[in-house]
Structure formats: structure tokens, C-alpha cells
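Hi there,

Here is the structure I promised to pass on to you. Have a look at it first, and then read on for what turned up in it.

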Amino acid sequence: MDSEEIEKEIRSTFTQFFDKNGIPMPIYRYKGHYIPYSEFTVLALSKLNTVKIRPDDILMCTYPGTGSHWLFEMASMILNGNCERVSVVKEEMLIDWAPGETLEAIKSPRLMSTHLPITFIPQELLKDHKMIFLNRSPKSSMVSFYRHIKKINMFGYNGEFAGFFDLFMKGEVPYGDYFKHSQEMYAFSKDNPNVLIITFEEMKKDPVNAVLLIAKFLEKTVPDKLAESIADMCSFDKMKAEKELVCSYFREASKLKPVGTVYHSGAVDTWKKWLTVEQNEKMEAKIQSEFSDREIKFNF
């Protein structure tokens with residue numbers, strides 16, 4: 001199928017889920033997966049098979065709300081060999097949003113990023129390219145994702161957190177089921193030397209060690225002093241104060257609300273301020289049923 005046919009097929013799969021208050025969550029149900037109801041995603045996904053993959057491309061795989069902006073900045077500094085603020089923003093390298101010409105204009109090595117499930121990632125990228133999978137506690141990921149949705153005017157959902165919680169638990173949100181996404185990535189990563197798994201909680205606990213771990217995986221020499229400087233420049237407060245949030249194609253579409261930000265608290269336990277006792281119990285039961293037999297653990 002050519003790009004126009006794929007685009008037409010995606011648009012034909014439009015559907016809506018409704019939270020318990022009747023608020024709609026619009027999405028595309030494409031090839032069994034829930035794709036964001038976004039013009040960016042439709043156009044990017046329809047042309048994804050035309051993106052030219054380079055030998056030194058690196059791919060970051062994350063579910064929304066897991067800390068991808070933080071990882072992107074840290075890994076980019078490692079690749080650049082310095083602790084200078086990175087001029088490129090993650091959205092310019094997000095293969096499920098960015099126009100092909102934007103990706104093509106970036107110099108090598110490109111640190112590409114995606115929230116897409118394995119199914120949609122170009123096979124060439126999955127073969128011999130390095131991939132970093134960043135995961136995060138589903139409690140924190142859910143809260144962060146909800147806050148993204150409320151601040152960014154592109155997902156079409158205006159419900160309250162209680163309604164979003166129920167949709168999230170059923171996987172009826174953009175990019176689909178967090179648990180399925182994580183399971184697929186862990187299964188793909190098992191015994192795969194080209195994949196590094198790291199968690200938000202590990203990065204938060206020891207950011208310097210995270211820098212050194214990522215550098216080793218990327219086969220980059222980073223002295224301890226530089227690792228400390230990178231960790232400092234990538235601290236939550238500095239990222240929130242200094243890092244540009246959106247790229248030109250994103251800004252021009254006026255999708256970020258005036259008070260919007262993708263930087264919220266940067267903490268590992270913010271979920272405690274959001275989840276009720278009942279919601280936390282439901283989430284704990286879900287974590288046990290989905291992860292306990294797969295050796296997927298978090299420090300939270």
C-alpha cells in the first residue's frame with residue numbers, strides 16, 4: 001500500500017471510547033492497536049515506511065509519560081560528548097509524529113524516539129540497531145500521561161482523572177494498553193544485546209550511574225566528571241526551566257496550550273496525590289496479574 005492508501009485506511013478506523021462520565025476518548029483503532037486521534041500521527045504513520053533508516057540510527061522506545069524527554073536529553077548529551085543543552089527536541093525525532101523531512105534533516109547519529117508498539121516500528125530498525133527501552137511505574141506513567149493529555153491540545157479528551165483512570169486500566173487510551181506495551185517490549189528485549197532496559201526510578205535514584213550505563217551501552221566513553229555534569233544539566237529543575245518543549249512543526253499547529261508543559265513534578269511518588277485508596281488497590285492487583293510472572297519489577 002502507498003502512503004495515501006495507508007492514510008485512508010487509518011482514518012477509516014476512527015472510534016471513541018467513553019469514560020464513566022460519558023466523556024469521549026477519540027482514537028484510531030488501526031491494525032488492532034489504539035493510535036492517537038491526531039493529524040500528526042496519521043500523516044507520520046502513513047509515511048513511516050518511506051523513512052530512510054541509517055546504519056547508526058538509535059531508537060528510544062517509551063510508553064507516554066515514562067520520562068522520554070529526560071532520557072532523550074541525557075542520551076543526546078552522551079552522543080555529543082558534552083553537557084551542553086541539546087538544540088534538538090524529542091518531538092523532532094518522534095517517528096510517530098514528526099514529518100519525514102524533519103527526520104531526514106537531522107544529522108547522524110539520530111536518536112529517534114517512539115511511543116508506538118513493536119508492530120509499527122520499521123523492521124530495519126529492529127534488526128541491528130541499538131534500542132533503549134525506558135519504563136516507569138504504571139501508577140506514575142498514568143498520572144503523567146493524564147497531565148500530558150490535559151495540557152496538550154491534541155488528544156481530544158477533556159475528562160477528569162477518575163474517568164481517565166478507568167480508561168487507562170482497560171487500555172482504552174492513545175497508544176493502548178500500558179501493560180501490553182511493556183510486556184511486548186520486555187519480551188523483545190530478552191536476550192537481545194541490542195536493547196537496553198532502564199527505568200525512570202533507576203534514573204531518579206542514581207542519575208550519574210544512569211549516564212554511565214547508557215554511555216556504555218552506546219559504546220561512548222564518558223569520564224566520571226562529565227557524567228556528573230550531564231546528570232546535573234538533566235536534572236528536573238534545569239530541564240523544566242531551560243529546555244524548549246516543542247519543535248517548529250508542533251508549535252505552528254498551536255497544540256501546546258499556553259499553560260502547558262510536559263514537565264510536571266519529576267518525582268517517583270506523585271501518584272500518591274492522585275490515586276484514591278480504591279484506585280491504588282485496583283492498580284496493585286493489575287500489576288500483580290500482569291507483571292508478577294514476567295519478572296517485571298519497579299522500585300516505587
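How many helices and strands does the protein have? There are 14 helices and 7 strands. Please keep in mind while you browse that this is a predicted model.

**The whole protein**

The radius of gyration is 18 Å, close to the 19 Å that the globule rule gives for 300 residues, so the protein is as compact as a globular protein of that length. If you follow the C-alpha trace along its principal axes, it spans about 55 × 50 × 40 Å. Of the 300 residues, 56% count as buried. The accessible surface comes to about 13900 Å², and carbon and sulfur atoms account for 49% of it. Contacts also link distant parts of the sequence: among those between residues at least 6 apart, 71% join residues at least 24 apart.

**A sheet and a helix**

Next, try finding the open sheet of 3 strands, which has the order E1-E2-E3 and antiparallel pairing. Its edge strands are E1 (14–18) and E3 (33–36), each of which pairs on one side only. On average, neighbouring strands of this sheet are turned by 50° against each other, direction ignored. As general background, strands of a sheet pair through backbone hydrogen bonds, either parallel or antiparallel.

You can also zoom in on one of these pairings. Strand E2 (residues 24–30) is joined to E3 by 4 bridges, and the two run antiparallel. Isoleucine 27 stands opposite proline 36 in E3. Helix H1 (residues 3–11) lies across E1 and E2, and it runs at about 140° to E2.

**One residue up close**

Finally, go to threonine 66. Where is the place of threonine 66? Look in the loop between strand E4 (58–62) and helix H3 (68–80).

Is threonine 66 buried or exposed? Its relative accessibility is 0%, and buried means under 20%, so threonine 66 counts as buried.

What does the side chain of threonine 66 reach at 2.7 Å? The partner is the backbone oxygen of tyrosine 63. Leaving aside neighbours within four places in sequence, threonine 66 is in contact with Leu134, Asn135, Arg136, Ser141 and Phe200. Picking out those residues in the viewer will show you what surrounds this part of the loop.

Enjoy exploring, and write back with any questions!

Best wishes

Technical notes: Residues are numbered from 1 along each chain as its sequence is written. This is a predicted model: local features need pLDDT of at least 70, side-chain atom pairs count only at pLDDT 80 or more; totals for chains, interfaces and linings use all residues. Side-chain values use heavy atoms; hydrogens and water are left out. Buried means under 20% relative accessible area, exposed over 50%, partly exposed in between (1.4 Å probe, protein chains only). A polar contact is a pair of N or O atoms within 3.5 Å; within protein, one must be able to donate a hydrogen and the other to accept it, and residues adjacent in sequence count only if both atoms are side-chain atoms. Contact means heavy atoms within 4.5 Å. Two strands pair if DSSP finds at least two bridges between them. Axes are lines fitted to C-alpha atoms, for helices over the stretch in contact, and angles run from 0 to 180 degrees between N-to-C directions. The radius of gyration is taken over C-alpha atoms; the globule rule is 2.2 Å times the number of residues to the power 0.38. Accessible areas come from the Shrake-Rupley method with a 1.4 Å probe; for residues, only the protein chains shown count as cover.
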